[in-house]
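Me: I should like to understand how the descriptive terms applied to this structure are justified. Please set each value against its definition.

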Amino acid sequence: MENDIQYMKKALQEAKKAEKLDEVPIGAVLVKEGKIVSRGYNTRETRQMATHHAEIRCIEQACRKMNTWRLEGCTLYVTLEPCPMCAGAIYQARIDRVVYGAKDPKGGSYGSCFNLNQVSGLNHYPEITAGVLQEECSAILKNFFKSKRKKSEKK
């Protein structure tokens, strides 16, 4: 659990990078054998790309760095429960474990909206750990959207 907290703090640092760009503050890090292989944060607005979620960017960076699409033996730490697209990428990359902070009641694929690990017949099922630094991960998102609402009220 101590390692999970350490790496989730690193994912939160990535989320703060997104926040500085006025992006939804979601961050991710991918770890293998105790070392961070890649990092990612949300850049959908900056890049105007629907697929530029923190997890996807992190997975793509890891594949390039490791020169393989198979990310077996890796753990993905992400501040928000992965959406269906990101969960699909996690399955395709064969990531062994996913650790997330805040639940996503509007799009979470590991228990909030539905649970892809309960779909039978898939070729891979990552281990899921939910709620690591949940309050901190939730707070950065809540504060971001609260600030957005205040700005739009002033207009």
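Reply: Helices here are DSSP runs of H or I with at least four residues, and strands are runs of E with at least two, numbered from the N terminus. Thr43 is found in the loop between E2 and H2. Please note that the model is a predicted one.

Me: Why is Thr43 called buried?

Reply: A residue is buried when its relative accessible area is under 20%. Thr43 has a relative accessible area of 3%, and is therefore buried. Leaving aside residues up to four places away in sequence, Thr43 touches Glu23, Gln48, His52 and Arg57.

Me: What makes Ala87 count as buried?

Reply: Ala87 lies in helix H4. The cut-off is again under 20%, and Ala87 has 0% relative accessibility, so Ala87 counts as buried. With residues up to four places away in sequence not counted, Ala87 touches Pro82, Ser109, Tyr110 and Leu116. The C-alpha atoms of Ala87 and Met49 are separated by 18 Å, the two residues being 38 apart along the chain.

Me: Why does the span of helix H3 agree with what is expected?

Reply: The expected span is 1.5 Å times one less than the number of residues in the helix. Helix H3 covers residues 54-66, which is 13 residues, so it should span 18 Å; the C-alpha atoms at its ends are 18 Å apart, and the two values therefore agree. Just after H3, Asn67 takes a positive phi of about 60°.

Me: Which residues of H3 are buried, and against which elements do they pack?

Reply: Ala54, Glu55, Ile56, Arg57, Cys58, Ile59 and Ala62 are the buried residues of H3. They pack against strands E1 (27-32), E2 (35-41) and E3 (74-80), as well as helices H2 (44-47) and H4 (84-93).

Me: Why are H3 and H4 called roughly parallel?

Reply: The axes of H3 and H4 come within 9 Å and cross at roughly 25°. Angles under 35 degrees count as roughly parallel, and H3 is therefore roughly parallel to H4. The crossing of H3 and H4 is left-handed. On the H3 side the contact is made by Glu55, Ile56 and Ile59, and on the H4 side by Met85, Cys86, Ala89, Ile90 and Ala93.

Me: How do the residues of the contact of H3 with H4 divide into nonpolar, polar and charged?

Reply: Seven are nonpolar, none is polar and one is charged. Ala, Ile, Met and Cys are among the residue types that count as nonpolar, whereas Glu counts as charged.

Notes: Residues numbered from 1 in each chain as written. Predicted model: local features only at pLDDT ≥ 70, side-chain atom pairs only at ≥ 80, totals over all residues. Heavy atoms only, no water. Buried < 20%, exposed > 50% of the residue type's maximum accessible area, 1.4 Å probe, protein only. Contact = heavy atoms within 4.5 Å. Axes fitted to C-alpha atoms, helices over the stretch in contact; angles between N-to-C directions. Parallel < 35°, antiparallel > 145°, perpendicular 65-115°, else oblique. Left-handed = near helix turned anticlockwise from the far one by under 90°.
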